[in-house]
Amino acid sequence: MITGYNTDVRHNDVVFHVQTEDKGAANPSIESLVYVGGQVLASKRASYAELVAQGKDDKAVIALMDHQHRTMIAAIRHGKFDEKLLSLNAARQTGRSTGAHPSLVTPPAPVAPAPAPAATVAPADPQATLAPSLPPLPPLPPMSPMSPIPSVAPALPPPPAPVAPPPPAAARPQGSLLAAAKVAERSLDQVILEYLTSEADQDQLLLMLEGEPQLILGQPAAVALRASSSKSGLPISGAQVSIKMISTVSEPRMLAAGRTDDEGTLQLLFDVPQLTRGTAALIITAVAAIGRAELKQLL
């Protein structure tokens with residue numbers, strides 16, 4: 001299994017993380033994933049079974065990985081995933097505005113029925129009558145026969161104000177519609193072709209392992225690295241490189257650090273700590289003026 005690439009790409013104030021890795025001899029393919037905020041936004045997989053059948057070495061697979069990694073970076077910078085990002089953000093907003101799950105809502109407390117009125121006890125004397133609780137109403141004054149009977153008409157609510165229709169949407173120029181259709185029809189290969197031929201795109205930092213280092217728990221190790229430009233392929237000197245070990249049973253440990261020379265290379269010697277349980281991996285990070293790159297190596 002060949003160590004993959006990890007690159008952060010900033011586009012429209014959003015940081016996209018591109019991860020490209022080899023799936024191994026059991027599944028000879030190259031997989032690239034694009035993450036935004038820890039969630040997978042897009043993916044691309046290419047098989048290299050034909051290269052294996054032709055007897056090609058790891059250099060051919062590395063070249064395929066490099067090409068596919070650049071392809072995903074180019075797609076981001078040309079807005080290929082902008083529509084997917086808008087859909088993802090809309091789904092997140094919908095999830096926030098939905099509210100509590102119905103099964104989690106506390107049901108309202110039952111309303112106690114009103115107490116029944118107390119029963120009236122009949123007097124012992126059947127001839128006795130209960131006194132009225134309210135005084136009698138005075139008699140109405142006599143109405144003159146000639147007086148008209150006033151009629152009371154119910155007050156009607158005022159009619160609702162007419163609702164103005166929404167203004168018509170501005171007509172979109174025919175030229176922009178055709179341009180949008182052409183952009184949607186472009187394939188990913190056309191996007192990468194435009195990316196490679198454009199001089200305005202930003203450069204990216206690529207970090208690669210030279211050879212196959214022996215990384216064994218509890219043993220000394222030597223790692224040879226090379227930092228280069230994704231656009232020109234030229235070496236990147238002065239890149240700050242660090243090697244850290246992470247595990248499921250202990251805190252991260254810094255194992256080695258250094259800077260690349262004029263050829264963009266760096267060799268680091270260190271001891272791999274011993275672990276009696278859990279799993280561990282090495283995180284190799286490089287930082288330069290053109291960006292940041294990262295490699296992951298399981299132990």
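Visitor: Which word fits Asp 66 and Arg 70, buried or exposed?
Guide: Asp 66 is buried, and Arg 70 is too. Buried means under 20% relative accessible area, exposed means over 50%, and partly exposed is in between (1.4 Å probe, protein chains only). Before we go on: this is a predicted model, where local features need pLDDT of at least 70 and side-chain atom pairs count only at pLDDT 80 or more, while totals for chains, interfaces and linings use all residues. Residues are numbered from 1 along each chain as its sequence is written, and side-chain values use heavy atoms, with hydrogens and water left out.

Visitor: What makes Asp 66 and Arg 70 a salt bridge?
Guide: The term asks for a side-chain nitrogen of Lys or Arg within 4 Å of a carboxyl oxygen of Asp or Glu. Here the closest N and O atoms are 3.1 Å apart, so the pair qualifies.

Visitor: Where do Asp 66 and Arg 70 sit relative to each other?
Guide: Asp 66 and Arg 70 are 4 residues apart in helix α2 (residues 58–77), which means about one helical turn separates them. An α-helix has 3.6 residues a turn, so residues three or four places apart point the same way.

Visitor: Why is α2 called a helix?
Guide: Because helices are DSSP runs of H or I with at least four residues, and α2 has 20. Strands are DSSP runs of E with at least two residues, and both kinds are numbered from the N terminus. By that rule the protein has 5 helices and 11 strands.

Visitor: How do you know that α2 reaches about as far as expected?
Guide: From its first C-alpha to its last, α2 spans 29 Å, close to the expected 28 Å. The expected span is 1.5 Å times one less than the number of residues. Just after α2, Gly 79 takes a positive phi of about 75 degrees.

Visitor: What about Glu 31 and Arg 45: how do you know that they form a salt bridge?
Guide: Their closest N and O atoms are 3.0 Å apart, so they pass the cut-off too. Glu 31 is in strand β3 (residues 29–36) and Arg 45 in strand β4 (residues 39–47), so this pair, 14 residues apart, links distant parts of the chain. Glu 31 and Arg 45 also belong to a network of salt bridges with Glu 21 and Lys 23. The whole structure holds 6 salt bridges.

Visitor: Why is Arg 45 called partly exposed?
Guide: Because its relative accessibility is 47%, which falls in between the two cut-offs. Glu 31, at 15%, counts as buried. Over the whole protein, 29% of the 299 residues are buried.

Visitor: What makes a set of residues a nonpolar core?
Guide: A nonpolar core is a set of buried Ala, Val, Leu, Ile, Met, Phe, Trp, Tyr and Cys residues joined through side-chain atoms within 4.5 Å. The largest has 27 residues, and those with the most contacts inside it are Leu 207, Val 223, Leu 225, Ile 243, Phe 270 and Ile 284. Its largest share, 5 residues, comes from β10. Another core, of 14 residues, lies apart from it and includes Val 9 and Leu 41.

Visitor: Which residues does Ile 243 touch?
Guide: Leaving aside residues up to four places away in sequence, Ile 243 touches several residues, including Val 223, Leu 255, Phe 270 and Ile 284. Touching here is contact, with heavy atoms within 4.5 Å.

Visitor: How do you know that β10 and β11 pair?
Guide: Two strands pair if DSSP finds at least two bridges between them. β10 and β11 have 8 and run antiparallel, so they pair. A hairpin joins β10 to β11 through 2 residues. Strand β1 (residues 5–11) also pairs with β11, through 2 bridges, and Thr 7 has Ala 293 as its bridge partner there.

Visitor: What makes β4 and β8 edge strands?
Guide: Each pairs on one side only. The open sheet has 8 antiparallel strands in the order β4-β3-β2-β1-β11-β10-β7-β8. Its neighbouring strands are turned by 20 degrees against each other on average, direction ignored. α2 lies across β1, β2, β3 and β4, at about 15 degrees to β1. For such angles, axes are lines fitted to C-alpha atoms (for helices over the stretch in contact), and the angles run from 0 to 180 degrees between N-to-C directions.
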